[in-house]
Amino acid sequence: MLRIRPGSIIPAMSNPIKTLVAFVAMLPALAAAQGVPSYPQNLPPNSVVGRLGVGPGPSQAIPFSQLQQILGKNTVPNSQLAQSPAATLLGNPTAATGNKTDFTIQGLPNKVAPDPAVDRMMIFDVSTGTFKNCTVAQCVSGLPAPPFYAENLLSNSGFQLMAGVGLVTKQAAEGTGGLLPFNVNSISNVGSIVTINITPSSLNQIKPNFLVQLYTGCAAGILPIQAGSTGIFSALRVLTITGNPVSSFTVMAPLGVTSFAPSSCLGTVMTTGDYTASNGNGPSQWTKTAQTWMWAENDPVNFDTIGGSTQVIGLKQTSSSLQYLYQTLPPAQTVALQGQKFTCAARIKQKIKISSTAKMGIFANSVWNYGALIGGALDTWQWASVTVTINSAETQIVPAIVLSDDNGGVFYVTKPICAQVASMPTNYYSAPINETIFAPGIFNVWSIYGKTFTMPSTTLGTSPLYGFYIDFFGETAGQIHWTATGLIGDIEGDATALPTTMMMGNKATGTVIPGCANMVSQVVNVTMSMSCRPPLFNGQAFIATGQPSRTYNNFNVDLFGITTNGPPLQ
């Protein structure tokens with residue numbers, strides 16, 4: 001700093017006025033020497049101090065608008081911003097003005113009962129690529145409805161067990177009457193697979209999984225319609241067919257039949273059913289009006305077009321009166337349904353129409369309650385249903401398929417369902433899971449009933465067991481449907497040598513699945529028995545022993561019922 005002592009005289013500046021002028025003139029230089037910036041002391045509004053241009057010079061007042069143009073927009077990268085804690089949002093989640101804060105979803109206050117009409121949720125709109133909001137009700141309404149499910153309260157709704165019903169000539173696919181006998185020209189076999197050559201005819205309609213019987217000249221004992229007074233039925237299951245019309249087909253030989261007479265004979269296409277008009281035998285757990293004709297339909301032409309159901313029952317009305325296929329619910333189910341809505345439905349196809357159609361019915365509250373008749377279209381699967389509110393003290397509930405036509409009307413029925421619901425979607429069906437269905441009494445396999453039988457000397461494939469497969473669908477004449485998944489029964493026999501064991505089971509991909517523990521014979525010529533529940537694959541299971549060539553007297557399989565585990569079908 002320049003100091004001037006009093007009384008000092010600067011050369012050439014003896015005049016005080018001149019001295020002051022010189023000092024003022026030196027102030028900018030003195031300020032620059034001391035680092036004082038050269039910028040306006042008063043700035044215009046909305047401006048900052050700086051300098052424009054590319055060269056040095058004095059400071060300037062730069063308006064905000066001009067500075068923004070120079071710096072540009074969106075130039076600060078996210079990485080230069082303040083960091084946030086993990087899984088947080090930045091904002092003000094309160095109802096008052098305040099500073100921004102980091103917050104988490106789970107840290108917000110919980111609203112136990114959101115107002116569906118007012119409260120909001122944020123969504124991402126895929127169609128526009130933007131965030132939007134919706135009310136709780138709007139958001140929920142946009143979601144697909146949960147799958148409908150109703151527990152089917154009917155037993156044997158798949159018609160997979162028809163124990164004790166008997167055999168009848170199969171009806172033509174058109175429902176116009178029984179199929180005519182066919183001429184067998186020759187029979188040959190390779191092991192248990194038998195080839196039957198017939199005279200081709202478009203009238204026999206033979207297809208895989210049909211049941212046939214041979215008689216009048218065929219091998220003795222191959223297929224009696226009924227064995228003595230035991231009520232045991234048997235048939236041959238068609239495996240493959242050749243030709244159109246069919247010129248030959250293959251079957252699995254009954255156990256114990258190893259050769260066949262080559263001479264010609266006759267055969268008939270059969271099925272499980274009843275045309276006697278004198279009894280009410282229906283599928284197990286079901287009863288029909290005695291006069292109603294009923295049969296198991298195995299022709300794919302008449303299988304349901306929805307869900308591919310192969311379990312179809314044919315019904316023919318034989319009078320102008322209403323006729324029924326019905327099932328009475330157990331007392332415990334009836335009590336559980338008191339005061340509840342109860343709906344029954346089924347898929348029905350009318351093949352021959354005389355004057356009317358069919359419908360669903362429920363006997364409850366001491367009266368029959370009927371649903372609407374199905375439409376009049378022929379050969380078309382249709383949905384029939386009925387809903388009833390059960391009285392609070394009801395003691396009997398009887399669902400039924402009701403034939404409301406005249407003498408000669410022919411119908412096919414599949415997928416009946418009854419459930420504790422006020423309604424159900426059209427064509428809905430659910431099969432009970434892991435259902436156990438018992439027959440009204442014991443029934444047997446004809447080919448091994450009470451006979452002496454010797455086990456094979458070779459093993460079942462790679463397993464250390466000696467035995468044979470039984471086609472329970474054919475050997476019970478269709479009483480056990482090929483879609484059943486398990487048997488309930490006993491094996492029994494008198495061992496003629498020791499040691500010996502016996503069991504029932506099945507194989508999947510080579511692995512033996514036992515249906516019961518080994519039955520161990522302790523002494524010879526004494527009947528031993530073992531309860532078994534073997535799985536069925538395509539209607540078949542095996543009986544085997546751990547020793548080759550073992551002979552059993554009074555060999556038998558007693559059948560009590562089946563198991564199923566069908567999944568829900570839509």
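**Salt bridges and an open sheet**

Mentor: Lys-132 counts as partly exposed, with 37% relative accessibility. Do keep in mind that this model is predicted.

Trainee: Which residue meets the side chain of Lys-132 in a salt bridge?

Mentor: Side chains of opposite charge can pair when their charged atoms come close. Here the N to O distance is 2.7 Å, and the cut-off for a salt bridge is 4 Å. The partner's relative accessible area is 16%, so this residue is buried. The side chain that meets Lys-132 is that of Asp-125.

Trainee: How many salt bridges does a search of the whole structure find?

Mentor: The pair of Lys-132 and Asp-125 is a salt bridge, and so is the pair of Lys-288 and Asp-274, at 2.9 Å from N to O. Searching the whole structure gives a total of ten.

Trainee: Lys-288 and Asp-274 form a salt bridge; how many residues apart in sequence are the parts it ties together?

Mentor: Let's place both ends of this salt bridge. Lys-288 belongs to strand β14 and Asp-274 to strand β13 (residues 265–274), so the parts tied together are separated in sequence by 14 residues.

Trainee: Is Lys-288 buried or exposed?

Mentor: A residue is called buried under 20% relative accessible area. Its partner Asp-274 has 3% and is buried. Lys-288 has 2% relative accessibility, so the word for Lys-288 is buried.

Trainee: Which residues are joined into one network by salt bridges that share partners?

Mentor: Start with Asp-304 and Lys-415, whose closest N and O atoms are 3.3 Å apart. Asp-304 sits in the loop between β15 (293–297) and β16 (312–316), and Lys-415 in strand β23 (residues 410–419), 111 residues apart. Asp-304 is buried at 5% relative accessibility, and Lys-415 is buried with a relative accessible area of 5%. Through shared partners, salt bridges make one network of Asp-304, Arg-347 and Lys-415.

Trainee: Now the open sheet of five strands: which are its edge strands?

Mentor: The five strands follow the order β14-β17-β22-β19-β20, with antiparallel pairing. An edge strand here pairs on one side only, and those strands are β14 (287–288) and β20 (367–370).

Trainee: Which residue in β22 stands opposite Ile-362?

Mentor: Strand β19 covers residues 358–364 and strand β22 covers residues 398–403. These two strands run antiparallel and are joined by six bridges. In β22, the residue opposite Ile-362 is Pro-399.

Terms used
Residues numbered from 1 in each chain as written. Predicted model: local features only at pLDDT ≥ 70, side-chain atom pairs only at ≥ 80, totals over all residues. Heavy atoms only, no water. Pairing = 2+ DSSP bridges. Helix = DSSP H or I, 4+ residues; strand = E, 2+ residues; numbered from the N terminus. Buried < 20%, exposed > 50% of the residue type's maximum accessible area, 1.4 Å probe, protein only.
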